[in-house]
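Student: I want to know what lies behind the labels for this model. Can we go through them one at a time?

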Amino acid sequence: MKKVLLSLAIAMIAALLLAPEAAGDNRVRRVKRQQQTNQRELRETKRKLTANTTATKRQLNALNRITAEIEEKNREIGSLTAISDSLNREIAVIRDSITYYETKHKRLSENYAKAVRAVHSRSSSLDMLLFIFSSDSFKQAVRRYRYIRQFARWREKQSEEIRAARSKLVEKRTQLETALRSKSTAIERLNLANSDLLSRQSRQQTIISNLQGEAATLKRIMAEQQRQAEELDRKLGELIAEEERAAAARAAAEEEQRRKKADSIAAIQATKPETADTKPATKPTKPAAKPEAKPAPAKPITKTTGYTMNAEERTLSGSFESNKGNLLFPVPGKYRIVKPFGRQKHPELKYVETDNGGIDIEVPGGTTARAVFEGKVTGIFKPDGYNTVVLIRHGNYITVYANLASITVKPGQMVKTGETIGTIFADPDDDNNAILHFEIRKEREKLNPTLWVK
């Protein structure tokens, strides 16, 4: 019995000693489970946030796309309206012409019939020979003969005028029928365009309503896009400044080489014996040394005011400038400008505001970008949000091709007008739509590309 009691006492003591440790293990397990739950919830929140951001971006891209389509449709409606107005004016002119030729044809026909009836009434029982030979005198016979000849010519002329008037009348009526058919077609197209416009405007309002409910996400997206645009602008500025310094250093080196050559020639002339013939040649040695007092071209290396061009680059720059408005478009085939140049603020979406240094061109997936003019590839880099960017210099003008998935050029390469630069990135999160960001600059000055390309 004592042994049993002793065993029970030992068991109770052991349980009391082990209880805190077991309780501690339970608390650790609960904390771990809570941490795992929190991590799952955090991952789920991030996933939802990413999905929401992706969906909002897709909606924003769709808004840009539908807005561009509405602008295109408005231009089409304007063009069709102008065509319809032009056809209305043409129809009015044709109808006036028809009235004129109908009146002319009627008048000529009536005059012709009246004249023929008058002649027939006077000589209804005589033929032309009897009419002549029945004259009282030879002079009267001659006059009657001449009259018959003149009347015959008049009849022939009147017949020709009547036929011409009838032909013109037929021609004008045909023109009227063609113009009326064209007007009918234009009106059908105009009605279809207006219907399409209303449908797109309805879709636009639906997208705007959806985006208005995503203000926080929209604000975050616009801030990120602005940051990426500023990063692109900063990198472009750095590359342009680096090119300016390199060009200034090149010009300074060339100037230094020319100065040394001049000094060398002057030194050779100074060592020749002084004679009557050589004295004038030795006197300019002092002025020749003056360039040493101003090694000026070296200054732009530290602080530049523009790109120093050589003769070949000046020619290229002038050629580029003279082709303003006629430069090749940077993509072949169908395209749509979804973001125009400059600062744009959406009238209904508070946070949708962009300041575009170029234009954004939407094209089907797989479309390539091409050089708008001959030039030299001077920069290739990959900033955040723009995939691969290629810079091409045309004298002191620069074209920028951003958001390329792959490229076919390399730094220092000379490219021709229309030469392929690379393939535009197709976004899998946006139904594989591809957008090329394209800029034209005169050094750091941003130019509106739509005024330069055709």
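Tutor: Start with E243. This is a predicted model. Beyond its neighbours within four places in sequence, E243 is in contact with Y307, T378 and R393.

Student: What makes these count as contacts of E243?

Tutor: Contact means heavy atoms within 4.5 Å. Y307, T378 and R393 meet that for E243, with neighbours within four places in sequence left aside.

Student: What makes the link between the side chains of E243 and R393 a polar contact?

Tutor: The distance is 2.5 Å, side chain to side chain. The cut-off for a pair of N or O atoms is 3.5 Å. So the E243 and R393 side chains qualify as a polar contact.

Student: Why is E243 called buried or exposed?

Tutor: The relative accessibility of E243 is 13%. Buried means under 20%, so E243 counts as buried. E243 is found in helix α4, residues 215-270.

Student: How do you know that R393 lies over the face of Y307?

Tutor: R393 is 3.8 Å from the ring centre of Y307. The rule asks for CZ of Arg within 6 Å of the ring centre and within 35 degrees of the ring normal. R393 is listed as lying over the face of Y307. K235 likewise lies over the face of F381, at 5.9 Å from the ring centre.

Student: Now S317. Why does S317 count as buried?

Tutor: S317 has 7% relative accessibility. The limit for buried is under 20%, so S317 counts as buried. S317 lies in helix α7, residues 311-322.

Student: Which residues is S317 in contact with, leaving aside its neighbours within four places in sequence?

Tutor: M309, H394, G395, N396 and Y397. Take H394. S317 and H394 are 77 residues apart in sequence, yet 5.6 Å apart in space, C-alpha to C-alpha.

Student: How many aromatic pairs does the rule give?

Tutor: Six. One of them is Y397 with W452, 5.4 Å centre to centre and 55 degrees between the planes.

Student: What makes the pair of Y397 and W452 tilted?

Tutor: Centres must lie within 6.5 Å; planes under 30 degrees apart are stacked and over 60 edge-to-face, with the rest tilted. At 5.4 Å and 55 degrees, Y397 and W452 are therefore a tilted pair. The pair links distant parts of the chain. Y397 is in strand β8 (residues 397-407), W452 in the segment after β13 (445-447), 55 residues apart. Both Y397 and W452 are buried.

Student: Why is the pair of Y401 and F438 called tilted?

Tutor: Their ring centres are 5.4 Å apart and their planes stand at 50 degrees. That angle is neither under 30 nor over 60, so the pair is tilted. Y401 is in strand β8 and F438 in strand β12 (residues 433-442), 37 residues apart. At 0% relative accessibility, Y401 counts as buried. F438 also has 0%, so F438 counts as buried.

Student: Which residues share one aromatic cluster with Y397?

Tutor: F320, F373 and W452.

Student: How do you know that β8 and β12 pair?

Tutor: Two strands pair if there are at least two bridges between them. β8 and β12 have six, in the antiparallel sense. Y401 stands opposite F438 in β12.

Student: Which other strands does β12 pair with, among them β4?

Tutor: β4 (residues 359-363) and β12 pair in the antiparallel sense over five bridges. The bridge partner of I359 in β12 is F438. β11 (residues 426-427) and β12 pair in the antiparallel sense over two bridges, which meets the minimum. There, A426 stands opposite A434 in β12. β12 and β13 pair in the antiparallel sense over three bridges, and I440 has L447 in β13 as its bridge partner.

Student: What are the hairpin turns like, in β12 and β13 for instance?

Tutor: Two residues lie between β12 and β13, and E443 in the turn has a positive phi of about 55 degrees. The hairpin of β11 and β12 has five residues between the strands, and D431 takes a positive phi near 55 degrees.

Student: Why is β12 described as largely enclosed by the rest of the structure?

Tutor: Eight of the ten residues of β12 are buried, so that description follows. Across the chain, 32% of the 454 residues count as buried.

Definitions and conventions:
Residues are numbered from 1 along each chain as its sequence is written. This is a predicted model: local features need pLDDT of at least 70, side-chain atom pairs count only at pLDDT 80 or more; totals for chains, interfaces and linings use all residues. Side-chain values use heavy atoms; hydrogens and water are left out. Helices (H or I, at least four residues) and strands (E, at least two) are DSSP runs, numbered from the N terminus. Buried means under 20% relative accessible area, exposed over 50%, partly exposed in between (1.4 Å probe, protein chains only). A polar contact is a pair of N or O atoms within 3.5 Å; within protein, one must be able to donate a hydrogen and the other to accept it, and residues adjacent in sequence count only if both atoms are side-chain atoms.
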